[in-house]
Amino acid sequence: MSPRSPVILGTGSYAPERILGNAELARTVDTSDEWIRTRSGIRERRIAAPGEGCSDMGVQAGRRALADARVAAADIDLLIVATITPDMPMPAVACIIQHKLGLPTASACFDLNAACSGFIYALDTACAMLASGRYHRALVIGAEKLSSIVDWKDRATCVLFGDGAGAIVLGPSPDPTGGPVRRGLLGTRLGTYGASADLLCIPAGGSSLPPSAKTLAAGGHFMKMKGREIFKTAVRAMEEAARDILEQHGVGTNQIALVIPHQANSRIIEAIAQYLELPMDRFFINLDRFGNTSAASIPIALDEARRAGRIKTGDISLLVAFGAGLTYGSALVRW
Ligand code: ACO
């Protein structure tokens with residue numbers, strides 16, 4: 001194994017205290033617990049406290065991952081935050097998190113926007129930067145406050161999303177020999193269907209439609225989604241990403257100990273399970289408790305799966321996601 005091949009040294013996650021259940025949501029918008037559960041699998045989601053920002057949640061998850069990895073903040077020289085809900089459009093929330101966590105000033109810190117695929121994109125980016133030898137230990141965070149971009153009057157979207165953060169620490173294997181088999185990120189398969197960018201977007205607030213009284217009145221700063229079209233593209237993209245990565249690395253589905261999919265909709269996950277001919281118990285699912293937390297969904301699930309004893313040393317996990325863009329991607333990780 002190359003001494004430069006990084007491994008996951010620790011994981012952490014954070015969920016805001018406030019739980020918003022389906023029944024409570026149905027009191028403010030025309031929906032029902034039954035509709036939400038049967039169409040998406042979601043029972044409840046977490047909502048950040050007023051004044052609690054993306055950075056606050058990212059810091060909590062990052063601190064827990066550092067403690068789990070037994071790595072000091074001072075030893076991190078790369079921070080990537082995958083998010084579509086930074087504290088503010090500028091600067092990157094990574095800069096705010098760097099300061100709050102006390103990471104060295106001599107560290108590269110930036111945000112990465114690939115929506116719900118953001119964590120897999122950030123994992124790939126961090127591993128490539130570490131493998132270059134120019135960086136040594138990375139903190140990769142997925143943090144989202146989706147409650148701040150959801151239109152709480154739009155029942156087609158507001159029932160699906162939640163807030164939270166997850167993180168991992170990447171660095172050289174503690175085993176100086178590297179061990180008998182290659183560990184860490186075995187590979188990724190990333191992709192983008194840019195032609196479908198309009199299926200899921202926040203139309204206003206960027207450079208093409210800057211904020212104005214008109215965009216505000218039109219609700220242009222909220223997330224807009226064509227749910228049914230997204231559903232179909234998501235299944236196709238995730239199947240493609242899963243199939244390609246397994247083929248590229250000669251890994252059979254029987255070698256996958258656990259699939260950690262993006263937690264958007266249990267019906268999408270069931271379609272992937274059917275395609276891969278894997279039983280549902282080989283998939284880690286927590287969307288019933290968190291809803292879709294975009295870039296935070298996979299790192300929260302990774303942390304929960306590890307702490308629940310569902311990931312053991314030597315296991316191979318398949319991560320697979322899709323998101324606005326439409327971006328999609330898969331990753332194979334050996335622990
Ligand atoms: N409660 C009750 N009824 C509803 C609700 C609701 N919350 N939302 C929509 N409906 C109604 C619709 O108005 C429609 O009524 P109609 O038949 O009278 O027109 C009916 O339910 C069916 O609506 P569909 O949109 O066709 O329902 P569908 O079965 O496709 O499920 C869903 C909708 C859950 C959104 C599904 O399409 C989905 O999960 N799509 C993927 C969305 C997703 O994962 N987005 C995240 C992308 S990741 C990222 O980057 C953030």
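Helix 2 (33-40), helix 6 (155-158), helix 8 (227-248), helix 9 (266-276) and strand 12 (316-323) each supply two or more residues to the lining of the largest pocket. This is a predicted model. The report starts with that pocket, moves to the domains and sheets, and ends with the cavity.

## The largest pocket

The volume of the largest pocket is about 550 Å³. Its lining counts 24 residues, and Leu-160, Met-225, Gly-227, Arg-228 and Asn-265 are the closest to the pocket centre. Helix 8 is the top contributor to this lining, with four residues. The class split is 13 nonpolar, six polar and five charged residues.

Where does the largest pocket lie relative to domain 1 (7-171) and domain 2 (184-334)? Both domains give residues to the lining, so the largest pocket lies between them.

## The second largest pocket

The second largest pocket holds about 440 Å³ of space. It too has a lining of 24 residues; those closest to its centre are Ile-84, Asn-113, Ala-115, Ile-202 and Ala-324. Two elements give two or more residues to this lining: strand 5 (108-112) and strand 9 (200-201). Domain 1 (7-171) and domain 2 (184-334) each provide at least three of the lining residues.

The table sets out the residue classes of the three linings.

| Site | Nonpolar | Polar | Charged |
|---|---|---|---|
| Largest pocket | 13 residues | six residues | five residues |
| Second largest pocket | 18 residues | five residues | one residue |
| Largest cavity | eight residues | one residue | no residues |

## Two domains

The chain is assigned two domains: domain 1 spans 7-171 and domain 2 spans 184-334. Their C-alpha centres are 14 Å apart. How many residues of domain 1 are in contact with domain 2? The count is 51 residues of domain 1, against 45 residues of domain 2.

## The five-stranded sheet

One open sheet has five strands in the order 1-7-6-4-5. Its pairing is mixed. Strand 1 and strand 5 are the edge strands, with a single partner each, so one side of each has no neighbour in the sheet. On average, neighbouring strands here are turned by 15° against each other, direction ignored.

Strand 6 (residues 138-145) and strand 7 (residues 163-171) are antiparallel partners, joined over eight bridges. Within the strands, Val-140 stands opposite Ile-168 of strand 7. In general, strands of a sheet pair through backbone hydrogen bonds, in either the parallel or the antiparallel sense.

A helix crosses this part of the structure. Helix 3 (residues 54-69) lies across strand 1, strand 6 and strand 7. Helix 3 runs at about 135° to strand 1.

## The four-stranded sheet

Another open sheet has four strands, ordered 8-13-12-11, again with mixed pairing. At its edges are strand 8 and strand 11 (256-261), each paired on one side only. The twist from one strand to the next averages 15°.

Strand 12 and strand 13 (residues 327-334) pair antiparallel over eight bridges. Phe-322 stands opposite Tyr-328 in strand 13. Helix 5 packs on this sheet and touches strand 8, strand 12 and strand 13. The direction of helix 5 makes about 125° with that of strand 8.

Strand 12 also has a place at the largest pocket, where it supplies at least two lining residues.

## The cavity

How many cavities of 30 Å³ or more does the structure hold? There is one. The space in the largest cavity is about 30 Å³.

Its lining consists of Pro-6, Val-7, Ile-8, Leu-123, Cys-127, Leu-170, Gly-184, Leu-185 and Val-333. Strand 1 (7-14), helix 5 (118-131) and strand 8 (184-192) each supply at least two of these residues. Strand 1 is an edge strand of the five-stranded sheet, and strand 8 is an edge strand of the four-stranded one. Helix 5 is the helix that packs on the four-stranded sheet.

Eight of the lining residues are nonpolar, one is polar and none is charged. Domain 1 (7-171) and domain 2 (184-334) each give at least three residues to this lining.

Key: Residues are numbered from 1 along each chain as its sequence is written. This is a predicted model: local features need pLDDT of at least 70, side-chain atom pairs count only at pLDDT 80 or more; totals for chains, interfaces and linings use all residues. Side-chain values use heavy atoms; hydrogens and water are left out. On a 1 Å grid over the protein atoms alone, a cavity is a set of points where a 1.4 Å probe fits but cannot get out, and a pocket is an open set with protein on both sides within 12 Å along at least five of seven lines; lining residues have an atom within 4 Å of a point. Grid points are joined across faces, edges and corners, and a volume is the space filled by probe spheres set on the points. Ala, Val, Leu, Ile, Met, Phe, Trp, Tyr, Cys and Pro count as nonpolar, Asp, Glu, Lys and Arg as charged, and the others, Gly among them, as polar. Domain bounds come from an automatic or database domain assignment. Two strands pair if DSSP finds at least two bridges between them. Axes are lines fitted to C-alpha atoms, for helices over the stretch in contact, and angles run from 0 to 180 degrees between N-to-C directions. Contact means heavy atoms within 4.5 Å.
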